[in-house]
Amino acid sequence: TCTLLSGVCGSIMWRKASAALLLALAVGYFYGGLPNFQTSSQSNSSLERAISAAWEALITLPSRQWSKVAVGVNACVDVVVSGVGLLQALAVDPGTGRDHDVLHSKEDLKETFIHYMERGAAAERFFSDKEVFQRIARAAAEYPGAKLYVGGNAAIIGQKFATNPDLMVLLCGPVGPKLHQMLDEQIVVPPESLQETDEFHLILEYKAGEKWASIQAPQANRFIFSHDVSNGAMSTLETFVASLEEFQPELVVLSGFHMMEGQGRELWGERLKEAVSTIGDIPKDIPIHLELASMTDKDFMNRIMQEQVLPVVSSIGLNEQELLFLSQAAEGPHAALPAWKGIPEVGRVSDILFWILEQHGRTDPSSESDLTRIHFHTLAYHILATVDGYWGNQAAAVMAGARVASSQACGLQAVDVSKVELKAPLEFHSSHSGPGEQLSLNPEEPVTVWHRGNITFHLSPVLVCKRPLRTVGLGDAISAEGLVYSEITSQQPF
């Protein structure tokens, strides 16, 4: 297999990168002289130009690409609307904020929304009353300026895959008429997963400094709520797995486990066992990627990690909150850290990724676990950690994920260097708690590689959008793009 970092293939690609970089530097020199990569304010535009040019030269598809991918099982319609505007339209008066674990009424909704708005924090809640929720959903969809999007991790990942014309995509989830109409026409939906009504998730947005009576938001954020029973129970999982025999995918992508958490311990405990048993019916030679999302129940996360889901999947995708919560739930590295401060330190992230693959992955070929790959993404950088011998083209994959994060957050098809900024550290350590290497970021070759045992780490900086238009579903797009550029190597079977 020809990888970005091997032999002749590598040197050809670095020559291409150098040519692209020379052009970028020539432009930089013409407008302001050669950059010094170690200074920040004056050289940043040159750094970003160099990284973007190197991405264009170095990101190449693998020699063997997927032709069929099956994605399941959470899907919905996202209704994005002004939170204050909608609540005013529902004729509720502002008052004091109060958090509710479950919303039972418009009053609960108002109090919980205020609680998080005045903190500028994101949150997601289940609305228990189906009829009241449907009335609110109708009002939200008809509110001036409301926007409807394809929602749910699986549906968003399916949409991203479908932008590749040579890739057939099967999507299984609770697909209602509105969502079906919004999906890309090359997405195949099994008839058994179609339902008469859509699952709506209402996303109430507020801007930085926005006011409602005496409340003022310190920063922009969103509050999400739904009455989503189908996704909460992963009700289409069995249909999804049953449809794989006819579709014959080369890759399976799973998401939606986080939705179970709201069902209560007794229900999710039983359903989780059933779900893992069902996943066990997927043929062993098909790699499975699991996309994680926000969770709050440590017991639930522990069951997913240690006993149930992680050992039966080949790859996972997650962000910095999910990574730290996973370590806290199982008392792993840096579990005492209550939250990240600013940009997560690379060494700490590396420690947790290494621990997951060492303790719960297949670093030993005799292990019963199938987990060999983790795609970690945070605002400033991404890391792909893989057990050697299973995955190829990972340097291109991590850069492709970073590139789509830069362009999509700005609402563009390609990276515009005038609208992005480099926030990744230029120097970092490969470990925080153990002996580690001092590493640096080279804009001409914007993938930093290091090894710990038989695990290889690829880090790419992200060119962060200065004024993001929409960040919902960005993690899903990053994981999908990383998978498009990944390939299974034939050295070892799963």
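Buried here means under 20% relative accessible area. That cut-off applies in every view below of this predicted model.

**View 1. The whole protein sets the scene for the close-ups.**
In the predicted model, the secondary structure comes to 16 helices and 24 strands. Buried residues make up 57% of the 494 residues. If we take contacts between residues at least 6 apart in sequence, 72% of them join residues at least 24 apart.

**View 2. Strand β21 shows a buried face and one that is not buried.**
In a regular strand the side chains alternate between the two faces of the sheet. You can follow this along β21, residues 448-452. Thr448, Trp450 and Arg452 point to one face and are buried, while Val449 and His451 point to the other face and are not.

**View 3. β21 and β22 make a hairpin.**
Stay with β21 and look across to strand β22, residues 455-461: the two run antiparallel and are joined by five bridges. Arg452, one of the buried residues of β21, stands opposite Ile455 in β22. Two residues lie between the strands of this hairpin. In the turn, Gly453 has a positive phi of about 60 degrees.

**View 4. Ten strands line up in an open sheet.**
Which order do the strands take? Reading across, it is β7-β6-β1-β12-β13-β14-β15-β16-β22-β21, and the pairing is mixed. The edge strands are β7 (187-188) and β21, each of which pairs on one side only. Further in, β12 (residues 251-255) and β13 (residues 288-291) run parallel and are joined by four bridges. Leu254 has Leu290 in β13 as its bridge partner.

**View 5. Two helices lie across strands of the ten-stranded sheet.**
Helix α6, residues 153-161, lies across β1 (68-72), β6 (168-172), β7, β12 and β13. Its direction is at about 160 degrees to β1. Helix α13, residues 320-329, lies across β14 (315-319) and β15 (373-377), and runs at about 110 degrees to β14.

**View 6. Strand β4 pairs with β3 and with β11.**
β4 covers residues 123-127, with Ala123, Arg125 and Phe127 on its covered face and Glu124 and Phe126 on the uncovered one. Strand β3 (residues 102-103) runs parallel to β4, and two bridges join them. Here Leu103 stands opposite Phe127. Together with helix α4 (residues 106-117), β3 and β4 make a right-handed β-α-β unit. β4 also pairs with strand β11 (residues 221-226), in the parallel sense over four bridges. In that pairing, the bridge partner of Glu124 is Ile224 in β11.

**View 7. Helices α15 and α16 cross.**
Two packed helices are described by the angle between their axes and the distance between the axes. For α15 (residues 394-409) and α16 (residues 474-484), the axes come within 8 Å and cross at roughly 145 degrees. The crossing is right-handed. On α15, the contact is made by Ala397, Ala400, Gly401, Val404, Ala405, Gln408 and Ala409; on α16, by Leu474, Ala477, Ile478, Glu481 and Gly482. These residues divide into eight nonpolar, three polar and one charged.

**View 8. Helix α16 sits among the rest of the structure.**
Why is α16 described as largely enclosed by the rest of the structure? Eleven of its eleven residues are buried, so the description fits. Among them are Asp476 and Glu481, as well as Leu474, Ile478 and Val484.

Technical notes:
Residues numbered from 1 in each chain as written. Predicted model: local features only at pLDDT ≥ 70, side-chain atom pairs only at ≥ 80, totals over all residues. Heavy atoms only, no water. Buried < 20%, exposed > 50% of the residue type's maximum accessible area, 1.4 Å probe, protein only. Pairing = 2+ DSSP bridges. Right-handed = clockwise from strand over helix to strand, strands pointing away. Contact = heavy atoms within 4.5 Å. Axes fitted to C-alpha atoms, helices over the stretch in contact; angles between N-to-C directions. Left-handed = near helix turned anticlockwise from the far one by under 90°. Nonpolar A, V, L, I, M, F, W, Y, C, P; charged D, E, K, R; others polar.
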